[in-house]
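Grab a viewer and work through the exercises below. Each one gives a task, then a solution in steps.

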Amino acid sequence: MTADLDFQRARSPEQREARRRAILGVAAELLAEMPLSEISLRELARRVGLSKTNVVRYFETREAVFFALLNQEIDDWLTVLPAELPTGSPLPFADALAASLARRPLLCELWSALGTELERNISADTVRDFKITHSALQARLADLFSVRVKQLSNENARELVSLMILLVCGLWPFANPAPAVAEAVSDPRLAHSRVDFPERLGRALRVTVTGLLALSPA
């Protein structure tokens with residue numbers, strides 16, 4: 001990005017969408033380089049080549065940027081996920097779902113930050129818009145899950161999506177600890193403290209899917 005963008009007013013809908021996507025692209029790059037807590041709106045604007053005021057034309061706060069990025073990541077995931085999930089038995093389905101999530105660290109990072117960091121410094125209108133879109137994306141995931149595991153009712157598929165997100169939120173930070181914690185748990189005496197994300201998530205999803213099926217009415 002160059003500073004010239006700062007002086008080029010995006011006038012058409014196409015130009016505004018291109019500018020919006022540029023901001024989200026830089027946000028994703030920054031998140032790959034540093035923890036979300038260290039990314040400021042000022043740094044994001046600098047990397048895009050815009051003033052902070054111009055970024056706010058598109059996203060009211062830093063949190064709003066990452067809300068939009070999270071929904072974009074889910075939408076992108078949904079374009080490839082059908083090819084990655086088997087149809088039939090719930091256990092291979094759970095393993096494939098965990099493996100797919102493990103290949104999308106940006107999505108997992110954003111989900112894990114949702115309740116602890118992103119739902120702060122944000123207006124009710126922005127949260128409402130985010131959650132409406134997020135709910136629609138979750139419904140698409142549930143529809144896919146109920147097709148791939150035919151024993152899952154629509155209600156159970158929706159619950160599986162919600163529980164999957166909670167599992168990601170809980171496991172991801174422990175599987176990706178701060179450097180000092182990672183160094184500490186490298187001690188063989190603390191081997192039990194290490195979290196293998198795809199393995200642990202796969203096991204948790206197996207338990208979740210089979211539990212939901214067991215609780216379903218006959």
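Helices (H or I, at least four residues) and strands (E, at least two) are taken as DSSP runs, numbered from the N terminus. We're looking at a predicted model, in which local features need pLDDT of at least 70 and side-chain atom pairs count only at pLDDT 80 or more, while totals for chains, interfaces and linings use all residues. Residues are numbered from 1 along each chain as its sequence is written, and side-chain values use heavy atoms, with hydrogens and water left out.

**Exercise 1: the overall layout**

Task: work out how many helices and strands the chain has, and describe its extent and surface.

Solution.
- Step 1. Count the elements: the chain has 10 helices and 0 strands. Read from the N terminus, that gives α-α-α-α-α-α-α-α-α-α.
- Step 2. Get the extent: the C-alpha trace spans about 60 × 45 × 30 Å along its principal axes.
- Step 3. Check burial, where buried means under 20% relative accessible area, exposed over 50% and partly exposed in between (1.4 Å probe, protein chains only). By that cut-off, 41% of the 218 residues are buried.
- Step 4. Now the surface, from the Shrake-Rupley method with a 1.4 Å probe. About 11,600 Å² of the chain is exposed, and carbon and sulfur atoms supply 54% of that.
- Step 5. Look at contacts, meaning heavy atoms within 4.5 Å. Among the contacts with a separation of 6 or more, 71% join residues 24 or more positions apart.

**Exercise 2: two domains**

Task: find where the domains run and how many residues of each are in contact.

Solution.
- Step 1. Take the bounds, which come from an automatic or database domain assignment: domain 1 covers 12-59 and domain 2 covers 62-215.
- Step 2. Place the C-alpha centres of domain 1 and domain 2: they sit 25 Å apart.
- Step 3. Count the touching residues: 14 in domain 1 meet 13 in domain 2.

**Exercise 3: a helix pair**

Task: are helix 6 and helix 8 roughly parallel or roughly perpendicular?

Solution.
- Step 1. Fit the axes as lines through C-alpha atoms, for helices over the stretch in contact, with angles from 0 to 180 degrees between N-to-C directions. Helix 6 (residues 105-118) and helix 8 (residues 154-175) come out at about 95°, their axes 8 Å apart.
- Step 2. Apply the classes: under 35 degrees is roughly parallel, over 145 roughly antiparallel, 65 to 115 roughly perpendicular and the rest oblique. Helix 6 and helix 8 are therefore roughly perpendicular.
- Step 3. List who meets whom: helix 6 brings Pro 105, Cys 108, Glu 109, Trp 111 and Ser 112, and helix 8 brings Met 164, Ile 165, Val 168, Cys 169, Trp 172 and Pro 173.
- Step 4. Sort these residues, with Ala, Val, Leu, Ile, Met, Phe, Trp, Tyr, Cys and Pro as nonpolar, Asp, Glu, Lys and Arg as charged, and the others, Gly among them, as polar. The tally is 9 nonpolar, 1 polar and 1 charged.

**Exercise 4: residues in helices**

Task: say whether His 134 and Phe 66 are buried or exposed, and find what they touch.

Solution (contact lists here skip residues up to four places away in sequence).
- Step 1. His 134 belongs to helix 7 (residues 124-148). With a relative accessible area of 6%, His 134 is buried. Its contacts are Leu 70, Asn 71, Ile 74, Trp 111, Leu 114 and Ile 165.
- Step 2. Phe 66 is in helix 4. At 0% relative accessible area, Phe 66 is buried too. The residues touching Phe 66 include Ala 27, Leu 31 and Leu 118.

**Exercise 5: residues in loops**

Task: which of the residues Asn 121, Leu 152 and Val 195 are buried, and which are exposed?

Solution.
- Step 1. Asn 121 is in the loop between helix 6 and helix 7. It counts as exposed because its relative accessibility is 55%. Its phi is near 50°, a positive value in a residue other than glycine.
- Step 2. Leu 152 is in the loop between helix 7 and helix 8, and is buried at 4%. Its C-alpha is 8.5 Å from that of Val 209, 57 residues away along the chain.
- Step 3. Val 195 is in the loop between helix 9 (179-185) and helix 10 (197-215). At 17% relative accessibility, Val 195 counts as buried. The C-alpha atoms of Val 195 and His 134 are 28 Å apart.
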